[in-house]
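Take a look at the fold below. This report goes from the sheet to the helices around it.

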Amino acid sequence: MSRALCPRCQRPVRACLCQWIRPTPNEAALLILQHPSEVSQAKNSAGLLSLSLARCETHVGEQWPEHELQALLDPNRQPLLLYPDTDDLPAPGLDTESATAPRQWQLIVLDGTWRKSRKMLYLNPLLQRLPRLALTDTPASRYRIRRARKPGQLSTLEASCYALAHLEGGRVAYSALLEAFDGFNEQHLAFRPSQP
Ligand SMILES: [Zn+2]
């Protein structure tokens with residue numbers, strides 16, 4: 001079998017996702033912190049997300065030295081961690097004065113299973129100190145959340161698009177990318193061996 005990789009998306013040619021890329025001019029910046037176990041996952045959605053968004057950076061790791069993580073934060077933007085407020089690790093509140101222009105947000109998303117994301121939060125005290133955005137607060141996400149069995153089962157792509165749309169007050173459309181993501185999922189399902 002050919003091991004050739006697509007030069008653009010770096011996936012095996014038969015699983016190339018480039019046809020699903022939808023250039024999207026997001027205003028709020030996105031920082032994806034990707035758990036190493038997600039890198040080789042065929043159905044991981046962060047690759048399609050980062051290839052589509054105009055303002056997006058991805059860094060792979062589980063634990064970072066504090067100064068390295070600090071350097072990933074944009075000093076001109078207010079960082080917000082996309083993560084629920086939890087009882088064991090409560091997040092500091094965000095004063096409303098900081099909630100300024102949409103271009104000044106930097107949304108940080110942890111790309112991993114629920115368990116791996118939680119571990120990343122525990123291992124990186126800097127992330128614990130960031131104010132958070134809980135997706136259940138965003139009206140735009142209700143439809144999708146109802147479709148998923150529970151909020152935690154949203155993909156990184158879906159969760160990020162809904163959170164960005166919320167921060168931007170709906171000025172940027174994510175529907176084309178979300179629709180393309182459905183196609184990407186169907187392509188992925190088609191590769192699975194048939195169920196017994
Ligand atoms: Zn490709």
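## Strands and pairing

Two strands count as paired if DSSP finds at least two bridges between them. Strand S3 (residues 78-82) and S5 meet this with two bridges, and they run parallel. At one of the bridges, Leu82 is the partner of Leu133 in S5.

Helix H3 (residues 114-123) packs on the sheet. H3 touches strand S1 (29-34), S3, strand S4 (105-111) and S5. The direction of H3 makes about 120 degrees with that of S4.

## The whole sheet

This is a predicted model. Its open sheet has five strands in the order S2-S1-S4-S3-S5, with parallel pairing. Strand S2 (56-60) and strand S5 (132-133) stand at the edges. Each has a single partner strand, so one side of each has no neighbour in the sheet.

## Helix H6

H6 lies across S1, S3, S4 and S5. It runs at about 165 degrees to S4.

How many of the 12 residues of H6 are buried? The count is 11, so H6 is largely enclosed by the rest of the structure. Among the buried residues are Leu157, Cys161, Tyr162 and Leu167. The 12 residues of H6 (residues 156-167) should span 16 Å at 1.5 Å a residue, and the end C-alpha atoms are indeed 16 Å apart. After H6 comes Gly169, with a positive phi near 60 degrees.

## The chain overall

The chain has seven helices and five strands. Along the sequence they follow the pattern β-α-β-α-β-β-α-α-β-α-α-α. Of the 196 residues, 46% count as buried. The chain exposes about 11000 Å², and carbon and sulfur atoms supply 52% of that.

Technical notes
Residues are numbered from 1 along each chain as its sequence is written. This is a predicted model: local features need pLDDT of at least 70, side-chain atom pairs count only at pLDDT 80 or more; totals for chains, interfaces and linings use all residues. Side-chain values use heavy atoms; hydrogens and water are left out. Helices (H or I, at least four residues) and strands (E, at least two) are DSSP runs, numbered from the N terminus. The expected span of a helix is 1.5 Å times one less than its number of residues. Buried means under 20% relative accessible area, exposed over 50%, partly exposed in between (1.4 Å probe, protein chains only). Accessible areas come from the Shrake-Rupley method with a 1.4 Å probe; for residues, only the protein chains shown count as cover. Contact means heavy atoms within 4.5 Å. Axes are lines fitted to C-alpha atoms, for helices over the stretch in contact, and angles run from 0 to 180 degrees between N-to-C directions.
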